[in-house]
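Me: Hi! I'm new to this one and would like a friendly walk through it. Can you show me what we're looking at?
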Amino acid sequence: MDKTVLLSNVTIANAGTENRVADLFVQGGKIKEIGQNLSQKADLRIDASGKNWVVLPGFIDVHIHGSSGFDTMDATPEALDGLASSLPKEGTTSFLATTMTQSDEAISKALQNAGAFQASEQQAEMLGVHLEGPFISPEMAGAQPPEHIIAPALSLFGKWQELSGKRIKQVTIAPEAEGAIDFISALEQDGVIASIGHSNASFEKVQEAIAAGANQVTHLYNQMSPFHHRSPGVVGAAFLEESLSVELIADFVHSHQQSVRLAYEQIGADRLLLITDAMRAKGLASGTYDLGGQDVQVSERDARLPNGSLAGSILTMETAAKNVKAITHCTWAELAAMTSANAARQLGLEHKGVIAAGKDADLVILDDEANVLMTLCRGHIAYAKEELQ
């Protein structure tokens, strides 16, 4: 049974608007009303008077492989169930289950499994799939197994899209790969995000990809041609091409904290997408874990292959938000853009990424240091600190 929730005297932060202090009433999984001195009866009433609590749209993580011992490539219902259950405590209310470069058989199984998954009321919602690889550059493989990298193939992608129930929403691709530009055009026509990543492309090749329909960059700085004053590369294009939305892993490991600040100041909050790129060890103790059949050594700080390459992260969206707030001194509205509104825009979701009447009640309540106090997934309390339960 749906519970009603009344939040009183909370600061509401939306991308592109001034903060407002108001009451917010949730019913039937939707934001029913926002106003002053609301008096509806509610199953749960929370008064934030004098507490400096801020409500943001629930975080949307468009690049996450796993968490809490589970991984998208496990290709089991239990894995996606575990992943979706683990995310609300970090403020994430929806996500793209992210695959990695593997065999056709392994990717097919993962996609078929994802196509059948539906989150429950108290889980983060799986919005679709992010296909990261295998259509990438061997020169920029990172933790993607190079033996499974192949040239973009529309016939194969078509098969995978059918297996997923047409739930592939984003594809990471190297535009310099043979046939990639035509592939990007086909993605654009199908409404699938073409994200430039694991790529050694020149600045000019990125411009060609943009003309074909690419409109995003995967994990800025990592596994892409770097900026050089005579060859700006993918990084230079991410900074200069305003049609590109840009993923950023703000763990201060994948990107130095000043590189995070640089991205914020030069690219701007309206184009950045905070992501985790997390693997299964997120939330678990240090040790050795599996990533696509490879052993990954996980410490309290990072996850690395035996050769030292970073292998995803153990970052939470809560920590990403806190890190960015601390290093950039961004506004709450800008944080709302980077954690949810920009992702919703990229995915064409009008019912998420904004706090307004009639929209999904995907909400995260933060204290003034951006710690997660409570998360509502489609109106249901999916996580709450003890004092709010």
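Reply: Happy to. One term before we start: two residues are in contact here when they have heavy atoms within 4.5 Å of each other. Also keep in mind that this is a predicted model.

Me: Okay, so using that, which residues of α7 meet α8?
Reply: On the α7 side they are Q257, Q258, V260, R261 and Y264. They meet V324, I327 and T328 in α8.

Me: What kinds of residues are those, by class?
Reply: The contact of α7 with α8 divides into four nonpolar, three polar and one charged.

Me: And at what angle do α7 and α8 pack?
Reply: Helix α7 covers residues 257-266, and it packs against α8 at an angle of about 75°, with the axes 9 Å apart. Angles of 65 to 115 degrees count as roughly perpendicular, and α7 and α8 are therefore described that way.

Me: What about α8 and α9, how do they pack?
Reply: Helix α8 (residues 317-328) and helix α9 (residues 332-346) pack at about 140°, and their axes are 11 Å apart. That makes α8 oblique to α9. The crossing of these two helices is right-handed.

Me: Which residues meet there?
Reply: From α8 you have M317, A321, V324 and K325, and from α9 there are W332, L335, M338 and T339. By class, the contact of α8 with α9 has six nonpolar residues, one polar and one charged.

Me: V324 rings a bell. Where did I see it before?
Reply: In the contact with α7, where V324 is one of the α8 residues. V324 is also among the α8 residues that meet α9.

Me: Switching to sheets. What is the order of the eight strands?
Reply: The order is β6-β9-β10-β11-β12-β13-β14-β15, in an open sheet with parallel pairing. At the edges stand β6 (59-64) and β15, each with a single partner strand, so one side of each has no neighbour in the sheet.

Me: Can you zoom in? How many bridges pair β10 with β11?
Reply: Four, in the parallel sense, with β11 being residues 168-173. As an example to look for, H130 stands opposite Q170 in β11.

Me: What about the sheet with three strands, parallel or antiparallel?
Reply: Antiparallel, and that sheet is open too, in the order β16-β17-β18. Its edge strands are β16 (287-291) and β18 (303-304), and each pairs on one side only. Five bridges join β16 to β17, which is residues 294-298. In β17, V296 is the bridge partner of Y289.

Me: New topic: how many salt bridges does a search of the whole structure find?
Reply: It finds 14. One pair to look at is K282 with E90, whose side chains meet at 2.9 Å, N to O. K282 is in the loop between β15 (272-275) and β16, while E90 is in the loop between α1 (77-86) and β9 (92-98), so the pair ties together parts that are 192 residues apart in sequence.

Me: Last one, what about unusual backbone spots?
Reply: Some background helps: most residues other than glycine have a negative phi, and most peptide bonds are trans. A75 has a positive phi, near 60°, and is placed in the loop between β8 (70-71) and α1. The peptide bond from G133 to P134 is cis, with omega near 10°.

Me: And where is P134 found?
Reply: In the loop between β10 (125-132) and α3 (154-163).

Conventions
Residues numbered from 1 in each chain as written. Predicted model: local features only at pLDDT ≥ 70, side-chain atom pairs only at ≥ 80, totals over all residues. Heavy atoms only, no water. Pairing = 2+ DSSP bridges. Axes fitted to C-alpha atoms, helices over the stretch in contact; angles between N-to-C directions. Parallel < 35°, antiparallel > 145°, perpendicular 65-115°, else oblique. Left-handed = near helix turned anticlockwise from the far one by under 90°. Nonpolar A, V, L, I, M, F, W, Y, C, P; charged D, E, K, R; others polar. Salt bridge = Lys/Arg side-chain N within 4 Å of Asp/Glu carboxyl O.
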